[in-house]
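Colleague: I'd like a close look at one part of this one, please: the place where the chains meet. Take me through it in one go, and then outwards from there.

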Amino acid sequence: MQSLDYPCVRPLGLTGLLVTFAGKMDESANRAALAFRAAVDANGWVEVVETSTSLTSAFIRIDPLVGDPDAVTERLESLLATRDWLAADLPLGRRLWHIPVVLDGDGAPQLEEAAKAAGVTPDQAREEISAARIRVLTIGFAPGQPYMGELPEHWNIPRQTKLNPRVPGGALVVAIRQLIIFSGPTPTGWRHIGQTAFRCFRPESDDPTPLAIGDEVTFRRVSPSELDQIAADDPEGGGASVEALT
Amino acid sequence: MNRTLIILRAGPGLTVQDHGRSGLLDRGLSVGGAADQRALAEGAALLGQGAQLAALEMAGMGGEFAVTASSRIALTGAPMRATLDGEPLVWNASHAIAPSQRLSIGPATSGVYGYLHFGGGIDLPPQMGARSAHLTAGIGALLADGDRLALGEDTGTLTGLILPVEDRFSGGSLRVVPSIQTENFSKADHQRFAQTEFTRDPRGNRMGVRLAFEGAPFQVEDQLGIVSEIIVPGDIQITGDGAPFILLGECQTIGGYPRIATVIPTDLPRVAQAAPGAAFSFEFITRAEGFAAIKADAEARAALSSRVAPLVRDPRDISDLLSYDFISGVTDGKAEGE
């Protein structure tokens, strides 16, 4: 098994470079990846055509017809050495979302099971989810789909080995201290503990993927009938409100 | 004058495709676009227009088509049996089609994805910077019988041109560079990977292609210790059954399967175009060799238009020679007064 010293710069594909801050999910490594990506973006290097972040890495894609990717590797290593990225502040320009969610009844078929796995009562679980302020750690698998965390340590519950054949779009699911709102209906090993009317991907809209990596999210608990009304009034936005983080 | 393409009968995998949407990884959207990007460049060269214009991608077979006004077309990618009012059309060539005529495109004779290009391109309203359908993401849709698509304004006039292309429809040796988990596989597996003859499995689509092979599954020692990480097209995942799966443009943006290597971008059209049963092998190259291949490919694309030549037809192949109107000629797709 390969062992790496972090942080490290590695090629990903022929034209990508991956700057990884930890070998497993870690809040400070995710923060470091966000801050490092912002620093790369701020440099405006002409051969950099795209940047992104995963849970613990910043990704930099190079156009090799514009510049030598190996020279970019050297510049990334120099940038890494300028500071302790694990202690970096989060980048500016992020937003805080408040998203209505149902945490009981048909919209939360596995809440009790998930609470048990986390060692709390169902009501404690509802309170903890409602009180949590979590960050979009990364976006992926499906367009606009957020991986949010981290929840307290006792929510480090494994994914189910048996797949849940189909949870609906807007479902709130939990595993490994993270929450996801699903972009569309999907089979999953994550437990379905809530339902939102928030559409993560709105291909017809001017803002097709409203959530951005680094945004923060809180959930506002509503009743099933309130969510029905919200879905009727605001079919894409799901009643979410958003404010700038300063 | 507005021109419209009418899809009289749609084959099973008909979509509008262009360069796709790059730069949206941080929004969870993979690049998508034409499975064979080289074919887009060839169609553009044949019609003397920009490669950013959208074309019809036809997976496996085409369909039947008509236009509401005289148009120029080009046929590229996987060769398919094409006829215009029953007369065979040459592939990798441009042709003129009149409103009264019916274009019929049958199954691929080799490869997977054929392309039907129009002078002026297909003029769908762009969505998130492209006209491509990205079916896994829910952008656009498969085309169906009776669909009508607007065509863009065509500033060109020439047809009856041919572009010689090399075979990229039968598999072959793929150039790869190491990926982020290559070192998690044993040296013996690296060697076996480079020496095994793989075949393109029937399981494959615009998201990726599975390879079948004889021998033990490839595996890493600590599969569960692998954190999900960003995916790029060309990455070769070793999925749960130990078989390689080469990811294409419409793949997911993050994945947790270990990646044994990455196919360089210039060789991806050959991955997409290999029909089930085609043989593949892998050759590790240096990154410098990979960059040189990208440069050579860009130069070859830029030189495509210089390789376009008049389509010389053998008069014995033209059954209705006497009915041809040699004055208006086969090289002008536009009707008088247009």
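Modeller: Sure. Two residues are in contact here if their C-beta atoms, placed from the backbone, lie within 7 Å. Keep in mind that this is a predicted model, where local features need pLDDT of at least 70, side-chain atom pairs count only at pLDDT 80 or more, and totals for chains, interfaces and linings use all residues. Residues are numbered from 1 along each chain as its sequence is written, while chains are lettered from A and ligands numbered from 1 in the order in which they are written.

On that basis, chain A puts 36 residues in contact with 38 of chain B. On the chain A side, at least two residues each come from β1 (8-12), β2 (16-20), β3 (48-53), β4 (57-62) and β6 (133-139) (strands are DSSP E runs of at least two residues, helices H or I runs of at least four, numbered from the N terminus). By class, that side has 18 nonpolar, 15 polar and three charged residues (Ala, Val, Leu, Ile, Met, Phe, Trp, Tyr, Cys and Pro are nonpolar, Asp, Glu, Lys and Arg charged, the others, Gly among them, polar).

Now zoom in on B:Glu229, which sits in strand β16 (residues 229-230) of chain B. Leaving out residues up to four places away in sequence, B:Glu229 touches A:Ser54 and A:Ser57 across the chains, plus B:Ile180 and B:Ile254 in its own. Glu229 of chain B counts as buried because it has 24 C-beta neighbours inside 10 Å (buried takes 20 or more, exposed 12 or fewer, partly exposed in between, again with C-beta atoms placed from the backbone). By contrast, B:Thr68 is 161 residues along the chain from B:Glu229, and their C-alpha atoms are 48 Å apart.

Stepping back, chain B splits into domain 1 (3-165 + 308-323) and domain 2 (172-300), with bounds from an automatic or database domain assignment. Their centres, over C-alpha atoms, are 29 Å apart, and 19 residues of domain 1 meet 14 of domain 2. The domain 1 side of that contact has seven nonpolar, ten polar and two charged residues.

As for packing, the largest nonpolar core (buried Ala, Val, Leu, Ile, Met, Phe, Trp, Tyr and Cys joined through C-beta atoms within 7 Å) has 155 residues, and A:Val173, B:Met58, B:Ile246, B:Leu248 and B:Val271 have the most contacts inside it. Beyond its neighbours within four places in sequence, B:Ile246 has partners including B:Val209, B:Leu211, B:Ile236 and B:Val271.
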